[in-house]
Amino acid sequence: AEDGYDLWLRYAPLEEASYATPRHVMAACSDPSATIDAALDEIDRATQSMLGEALPRADTLQGGTLVLASPECSGMLENLPLPSSYEVGVDGYAIKEIRHSGRQITLISAQSDIGVLYGTFDYLQRMARGQNFTGVNIVSRPKTQLRLLNHWDNLDRHVERGYSGQSIWDWHRLPGYLDPKYTDYARANASIGINGVSLTNVNADATVLTPHYLEKVAALADVFRPYGIKVYLTARFSAPMELDGLPTADPRDPAVQAWWQDKANEIYTYVPDFGGFLVKANSEGQPGPQDYGRSHAEGANMLAAALEPHGGNVMWRAFVYSAEEPEDRVKQAYTEFVPLDGQFADNVLVQVKNGPLDFQPREPFHPLFGAMPETPLMMELQITKEYLGFSTHLAYLGTLWEEVLSAETHATDQRAPVASVIDGTAHDYEITGMAGVANIGSDRNWSGSIFDQANWYAFGRMAWDPDASAEAIARDWAELTFSRAPEVADIITGLMMGSREAVVNYMTPLGLTHLMGTGHHYGPALWVDDLGRADWTPYYYHKAMKDAVGFDRTETGSNAVDQYAGPVAQKWAGQDTVPDELLLWFHRVGWDHELDNGNTVWEELVRRYDLGVSQVEDMQTVWHSLEHEVDAERFEQVSAFLAIQHQEAIWWRDASIAYWQSVNGLPLPEDVAAPA
Ligand code: GCW
């Protein structure tokens, strides 16, 4: 059934095989590792599905053989030209058609078996997209080292901000029962280069660190290992107190340090290649080093010291802000972390959300990017759509991520786009990484909707290559998921490329932000002004009054704009130079403030809300044109979700306009259609 379970690994039958389609497959070693076996299995499965029968295995070289080889797997064939580590790094790969011992072969090779597996997935996906392999010559290496999914999954299987069912980790049945889904999950991740998963919620308690759970964690790690995926866990800072009754969790206390060292040693007896800890500390009520007057660096370094002998890393989140702190929320992380630059241990990465607020439909890039040259910064993206309509609204996030990754920080003499900070080139970081908050759950289609699978896919591709094009990724996904017919793939790619801007238009145009319903973050709540916590209150973010709207973050206001490098700050500080998209994020202006296109802010707001609704209508029309190109099951589900999105875009528009009018008393602009 076309229920979405197969994700982008559907391997739809090929009408005709490319001329250079191999006739046999072989690994260049007689006793392949579990990873090479996984690659061979994937080739079986994929060719069975695409070509009607699995490629036969060859044990001697013949013309037309697909050969898998690495330094570990080369014994059976002499003098195979393996790529150098300069070309492919530890886990990149090469796919080449070559002549070897007088035979024409296709060689997938790497410096490691996992590189071969990545190359195999790339090869099979290209085959699925109908690529012709004659003379193929592909070299790919990831630009970041740590490419992680962060699950916000609790042990009771509730997923924080999850919209696709319960957690896929069935803790109750682990370790005795290994759901085959875990293997499919690992395949999907490996197919896009993801090499780590943090299993538990950053808000979870410390239970997962107990032996009873570590056994279960070990069972998952065993399933993932052949696919190159390491397991990480969240480490609640107060764990020594909660699990073993220590009187304190102060990172300077030797007993606390010893506790973490013992705990790390213990974890490695269960999971010898354990990746490390992900930590949310002193943020939204979580315990942390500041409870004892210690800095984030001291806290992170204590955990880092415990992991260091085993080669593990600490990912310390920079998502910190507090209600007691009067400083503008979007400034607080920079204020706290920049002074700590250079103080973190070598195996610590600071994990920073793409923007300074919280995964909004649009934010400027986080000012920490470029501001911590001595501290490896990872980027944290949110794949699950907490603020973008959960799993019913169609919003392809590739464009959102491309926007932030390509933004220029001007942190060095070069323009230093955010991507160059993340891939380590701007500041010569020793370790690099990217994390995505997973949108995966127990739903049959994994992600809650078919189009949300594209966000998982795009995350992996962009973690591998932060300079990748959102459009190219959308097209690859559309071809793999729906159809390799160019007309169909074009239409679906177009639909995806405009989708996020539609959401921005009907929810938070012109730099407005954080106007969603309190707590659940679904639907408009612009009018909420009395939550008792300014930093969670919509009014705090728009500050609309009779004469003006927007948050002044220039010198005359919070001056958050000053946290950016000179050229960026200058541009955004000017009401005439800031792009319209960020106007009300940085500025407070009159409703009659005129924009470049001649509209007043009021007129433009109304126009954009309307545009957002009509963009969703266009998406519906376009989707309906595909009725006969897409299977009925997926067609109907997408259609129904688009209808929900349409209704809710109208809800956003009408509620927003009505609220603004109750404040500014202005009539609807004349040339703009009245809300239905
Ligand atoms: O986006 C906000 C969410 C919280 C989340 C927090 C965080 C895990 O509303 O649910 O908690 O961010 O990133 O820590």
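These exercises work through the fold, the barrel and the ligand shell of a predicted model.

Residue numbers start from 1 along each chain as its sequence is written. Because the model is predicted, local features need pLDDT of at least 70 and side-chain atom pairs count only at pLDDT 80 or more, while totals for chains, interfaces and linings use all residues.

**Exercise 1. Overall build**

Count the helices and strands of the protein chain, then test its radius of gyration against the globule rule.

Solution. Start with the elements. The protein chain has 19 helices and 15 strands. These are DSSP runs numbered from the N terminus: helices are H or I with at least four residues, strands are E with at least two. Next, take the extent. The C-alpha trace spans about 80 × 65 × 50 Å along its principal axes. Now apply the rule, 2.2 Å times the number of residues to the power 0.38, with the radius taken over C-alpha atoms. For 676 residues a compact globule would have a radius of gyration near 26 Å; the protein chain has 26 Å, so the two agree.

**Exercise 2. The barrel**

Trace the closed barrel and follow its pairing through strand 9.

Solution. The barrel is closed, has 8 strands and runs 6-7-8-9-10-11-12-13 with parallel pairing. From one strand to the next, the twist averages 25 degrees. Axes here are lines fitted to C-alpha atoms, and angles run from 0 to 180 degrees between N-to-C directions. Strands pair if DSSP finds at least two bridges between them.

- Strand 8 (residues 230–234) pairs with strand 9 (residues 276–279) over 3 parallel bridges. Y232 has G276 of strand 9 as its bridge partner.
- Strand 9 pairs with strand 10 (residues 313–317) over 4 bridges, again parallel. G276 is bridged to N313 in strand 10.
- Between strands 9 and 10 the chain passes through helix 8 (residues 296–307), a right-handed β-α-β crossover. Right-handed means clockwise from the first strand over the helix to the second, with the strands pointing away from the viewer.

**Exercise 3. The ligand shell**

List the residues around the ligand and sort them by class.

Solution. The shell holds W152, E160, R161, V202, N203, K280, E284, F319, D358, F359 and E386. A residue counts if its C-beta atom, placed from the backbone, lies within 6 Å of the ligand. The shell divides into 4 nonpolar, 1 polar and 6 charged residues. Nonpolar covers Ala, Val, Leu, Ile, Met, Phe, Trp, Tyr, Cys and Pro; charged covers Asp, Glu, Lys and Arg; the others, Gly among them, are polar.
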